[in-house]
Amino acid sequence: MTENIISASPAEAVAHPRRRRAAPPVTPLAVIEDLVEALPETPAGLRDRTLVEFLYGSGLRVGELVGLDLSDLETKTRLIRVRGKGRKERIVPFGTKAAEALEAYLPVRAQWKRTAGSSTEALFLNQRGGRLTDRSVRR
């Protein structure tokens, strides 16, 4: 084609190999511990601590995390049912630190839900009793 012998490249019909994406970098444990320790012991701080523990300890995406409902939790076996990209479901374990943070957060959640008169089954709530959004988590 470069020598003008043919008009189109036969290689155009061949699929290009996909490039492997590098795994995202892992935040060092010391940085996560500093972040968790810096959170205040307020109701919102307890929720945020639980969010960080689940994100780091379970490897969940933010969208998966805010999509969790109470019914997705199996606290005795420390497993959660996660609906991820493409509506695929998977079972993910969570660690003891996440379980401890969850235990401290659930009474806060119940209070926010009661105060707002909310009927949502979302695990993570904002202070008005609604489902927490991924934007709020990132903020």
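The paragraphs below go through a predicted model, taking helix H4 first, then a buried leucine, the salt bridges, and the exposed positions.

Helix H4 runs over residues 96-116 and has 21 residues. From its first C-alpha to its last it reaches 30 Å, close to the 30 Å expected at 1.5 Å a residue. The helix does have a kink: at Tyr105 there is a bend of about 30°, shortly before the proline Pro107. Tyr105 is also one of the buried residues of H4. The others are Ala98, Ala101, Leu102, Val108, Arg109, Trp112 and Lys113, so defined because each has under 20% relative accessible area. The list includes the charged-residue names Arg109 and Lys113 as well as Ala98 and Leu102. The cover over these buried residues includes helix H2 (43-58) and strand S1 (73-74). Just after H4, the chain passes through Gly117, which takes a positive phi of about 65°.

Beyond that glycine, the loop between H4 and H5 holds Leu125. Leu125 counts as buried because its relative accessible area is 0%. What does Leu125 contact, leaving aside its neighbours within four places in sequence? Its partners are Arg47, Tyr105, Arg109, Trp112, Lys113, Thr120, Gly130, Arg131 and Leu132. Among them, Tyr105, Arg109, Trp112 and Lys113 are buried residues of H4. Another residue, Gln111, is 14 residues from Leu125 in sequence and 10 Å from it in space, C-alpha to C-alpha.

The next topic is charge pairing. Side chains of opposite charge can pair when their charged atoms come close. With a cut-off of 4 Å between a side-chain nitrogen of Lys or Arg and a carboxyl oxygen of Asp or Glu, the model has ten salt bridges. One of them joins the side chains of Arg90 and Glu64, at 2.9 Å from N to O. Arg90 belongs to strand S3 (residues 89-93) and Glu64 to helix H3 (residues 62-66), so this pair ties together parts that are 26 residues apart in sequence. The two partners can be described by their accessibility: Arg90 is partly exposed, with a relative accessible area of 32%, while Glu64, at 4%, counts as buried.

A second salt bridge is formed by Asp72 and Arg83, whose closest N and O atoms are 2.9 Å apart. This pair links distant parts of the chain, with Asp72 in the loop between H3 and S1 and Arg83 in strand S2 (residues 79-83), eleven residues apart. Asp72 is buried, at 5% relative accessible area, and Arg83 is partly exposed, at 37%.

A third salt bridge lies within a helix. The side chains of Asp134 and Arg138 meet at 3.2 Å, N to O. Because Asp134 and Arg138 are four residues apart in helix H5 (residues 134-138), about one helical turn separates them. Asp134 is partly exposed, with a relative accessible area of 33%, and Arg138 is exposed, with 58%. Elsewhere, salt bridges that share partners join Asp72, Arg81, Arg83 and Glu89 into one network.

The segment before helix H1 (29-38) contains Ile5. Ile5 is exposed, with a relative accessible area of 68%. Together with Met1 and Ile6, Ile5 forms a nonpolar patch on the surface, and the three have about 330 Å² of accessible area together. Asn4 lies in the segment before H1 too, and is exposed at 71% relative accessibility. Arg20 is another residue of that segment; its relative accessibility of 83% makes it exposed. Between Arg20 and Gly86 there are 20 Å in space, C-alpha to C-alpha, and the two are 66 residues apart in sequence.

What remains is the backbone. Most residues other than glycine have a negative phi. Which sign does phi have at Asn4? It is positive, about 60°, although Asn4 is not a glycine. Arg87 also has a positive phi, near 60°, and is likewise a residue other than glycine. Arg87 is placed in the loop between S2 and S3 and counts as exposed, at 78% relative accessibility.

Key
Residues numbered from 1 in each chain as written. Predicted model: local features only at pLDDT ≥ 70, side-chain atom pairs only at ≥ 80, totals over all residues. Heavy atoms only, no water. Helix = DSSP H or I, 4+ residues; strand = E, 2+ residues; numbered from the N terminus. Expected span 1.5 Å × (residues − 1). Bend = angle between axes of the 7 residues up to and from the residue. Buried < 20%, exposed > 50% of the residue type's maximum accessible area, 1.4 Å probe, protein only. Contact = heavy atoms within 4.5 Å. Patch = residues over 30% accessible without salt bridge, like charges linked within 9 Å, V, L, I, M, F, W, Y side chains within 5 Å. Areas by Shrake-Rupley, 256 points an atom, 1.4 Å probe, with all protein chains shown as cover.
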